[in-house]
Amino acid sequence: MSTRYPPLGPSYWMRTAPGDESYPSLASDVDVDVAVIGAGMAGISTAHELMRAGRTVAVLEAGRLAGGVTGYTTAKLTALHGMVYAHLRKTRGADGARLYARSQTEAIEHAAALVEELGIDCDWESRHAYSYVTDPAQADQVRAEAEAAREAGLPAIFTQVTGLPFEVAGAVRVEGQYQFHPRNYLLVLAADLAAQGALILENTRVTGLTEGEPHTLETDTGNVVRARDVVVATHYPVFDRALLFSRLSPRREFVVAGRMPDSLDPDGMYITSEENTRSVRTAPLDEPGKRLLLVTGEHITPGTGDPEECFRRLTDWAVANFPGTEPMYGWATQDTDATDTVPLVGPLHPGARGLWVATGFRGWGMSGGIMAGRLLATLIDGGSSPWAELYDPRRLAPVLREAPRFLKTQAKVARHFVGDRLAAVTGATPVEDIEPGDGAVVRVGGESVAVHRDDEGELHAVSARCTHLGCLVDFNAAERAWECPCHGSRFGPDGSVLQGPATRPLPRRTLRHRTDPSSSA
């Protein structure tokens, strides 16, 4: 029987969370103590902590609450973040590794306490977490990681026994971790926030920031929010006064989810960097004898690669390794990696007064976002934290120690910035060759124009220059989106912003001129 490939679309979490939860857009100017930009795990967690500390808070979300990266995660809540502790011990010292483990563990314990206190129905389940390899040549590396994780304070062991349906050469196992339904969790936290007087605003995109006392946020509704403190929790910062984009690298990953017999449940949360990443967990289904298998992997840089082929490979792997799985849902998510491994949580820039940021979670934004919320609330309240220095975005020494990774990121951006322009001039696709459902960058009157042909054959043209920093976008036909390979901004076929750091849409263009591949970039 041939494999059924579900189309890429809304995640399982978005499909199954209550649909009647909504909040208004900003309709008038507002003054609050703290404005939080972004209503994902980091933003809502920060707002919740600040509200409990007695601050007045406004949360501004460009789309739907928990509808961005948080709504498309695999939702593992663990302090075992792949193979990170041996690296941290080498680059940050044993104390740095211990602080990382402790900060993530305390975040997980805090989430568990909130689930109990607020009675959150979010499919909360305790599971062991595993980081594994199948290649025997890498077994010693896994042993070293288990030792480093244990030294950092995690209950970690090396094992070759897992619940996976294939043999592994070695795995780090950490007990007492969790998995859950992330949107259901955040909807309850948001309701608790609103009940305490917080202002939650959906479909309100922040488009400008004027620093001052207070700071002023401009929005696409035409109204402003004034606040003494502003938290930028938009996954990738939409305001970057410290050039953080030079220390961040976006990647897009794919998720397939399917019904499976519960007898095949691997009973754990698994991840390996092999085969371009494979991450595995399950979730409960309202069907007797069934669980939902979720497999994540096949990461690419936005605006590059073949997303449809990536998703097919991932689905084939899931079906081959978990026989009896029926693929039901497919979606994509986006992660942001800090070039020096550790998330950037703290002051937005060296001279910042009351401006804060949380970003660079490397795909571990559940524990990382909760940790960030607790840390930022403490700092905003004038307190101190043992791990504030570890996560401080102003750090320089770790960046210098990991300079090769930093330089590699910048070289990749430079290649796209220059190379994509040359390709647009020398290899532009004629408009007539664009198939229904596809898109391409063409040359029109000396300008690079992004053209999409919809299923009815109608053409939609917008500027091909990303409104963030000007890189050329490329079309992702599997998700019907224009994507920037430099910093990960994503736009709809009509140019509307789907994902930052861009805050402005791609300007519309007309196709009055014929394609001119000889024009200058």
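Just after helix α2, G54 takes a positive phi of about 95°. Helices here are DSSP runs of H or I with at least four residues, strands are E runs of at least two, and both are numbered from the N terminus. The model is predicted, so local features need pLDDT of at least 70 and side-chain atom pairs count only at pLDDT 80 or more, while totals for chains, interfaces and linings use all residues. Residues are numbered from 1 along each chain as its sequence is written, and side-chain values use heavy atoms, with hydrogens and water left out.

Helix α2 itself covers residues 41–52. The expected span of a helix is 1.5 Å times one less than its number of residues. For the 12 residues of α2 this gives 16 Å, and the end C-alpha atoms are 17 Å apart, which agrees. Of these 12 residues, 11 are buried, where buried means under 20% relative accessible area, exposed means over 50%, and partly exposed lies in between (1.4 Å probe, protein chains only). The buried residues of α2 include M41, I44, H48, E49 and M51.

Helix α4 (residues 139–151) can be read in the same manner. Its 13 residues should span 18 Å at 1.5 Å a residue, and its end C-alpha atoms are 18 Å apart, in agreement. Buried in α4 are A139, V142, E145, A146, A148 and A149. An α-helix has 3.6 residues a turn, so residues three or four places apart point the same way. The buried residues of α4 pack against α3, β4 (125–133), β5 (156–159) and β6 (170–179); contact means heavy atoms within 4.5 Å. After α4 comes G153, whose phi is positive, near 110°.

Helix α3 (residues 85–118) also meets helix α7 (residues 365–380): their axes come within 8 Å and cross at roughly 90°. Axes are lines fitted to C-alpha atoms, for helices over the stretch in contact, and angles run from 0 to 180 degrees between N-to-C directions. Angles under 35 degrees count as roughly parallel, over 145 as roughly antiparallel, 65 to 115 as roughly perpendicular and the rest as oblique. The helices α3 and α7 are therefore roughly perpendicular to each other. On the α3 side the contact is made by S103, Q104, E106, A107, I108, H110 and A111, and on the α7 side by S367, G368, I370, M371 and R374.

The loop between β5 and β6 holds V168. This residue counts as buried because its relative accessibility is 10%. Leaving out residues up to four places away in sequence, V168 touches Y132, V133, T134, Q160 and T162. V168 and D135 are 33 residues apart in sequence, and their C-alpha atoms are 7.6 Å apart in space.

L199 belongs to strand β7 (residues 199–201) and, at 29% relative accessibility, counts as partly exposed. Its contacts, not counting residues up to four places away in sequence, are V30, V57, A58 and V59. The C-alpha atoms of L199 and E213 are separated by 21 Å, with the two positions 14 residues apart along the chain as the sequence offset. E213 leads into P214 through a cis peptide bond with omega near 10°, and P214 lies in the loop between β8 (206–210) and β9 (215–219). A cis bond also joins G500 to P501, with omega near 25°; P501 is in the segment after β24 (497–499).

Positive phi values occur at non-glycine residues too. N203, in the loop between β7 and β8, has a phi of about 50°, and its relative accessibility of 44% makes it partly exposed. H235, in the loop between β10 (224–232) and β11 (248–261), has a phi near 70° and counts as buried at 19% relative accessibility.

In strand β14 (residues 290–300) lies T296, which is buried at 5% relative accessibility. Leaving aside neighbours within four places in sequence, T296 is in contact with T74, E253, F254, V255, T277, R278, S279 and L314.

For the whole protein, there are 10 helices and 24 strands. The radius of gyration, taken over C-alpha atoms, is compared with a globule rule of 2.2 Å times the number of residues to the power 0.38. The value is 23 Å, close to the 24 Å that the rule gives for 521 residues, so the protein is as compact as a globular protein of that length. Of the 521 residues, 59% count as buried.
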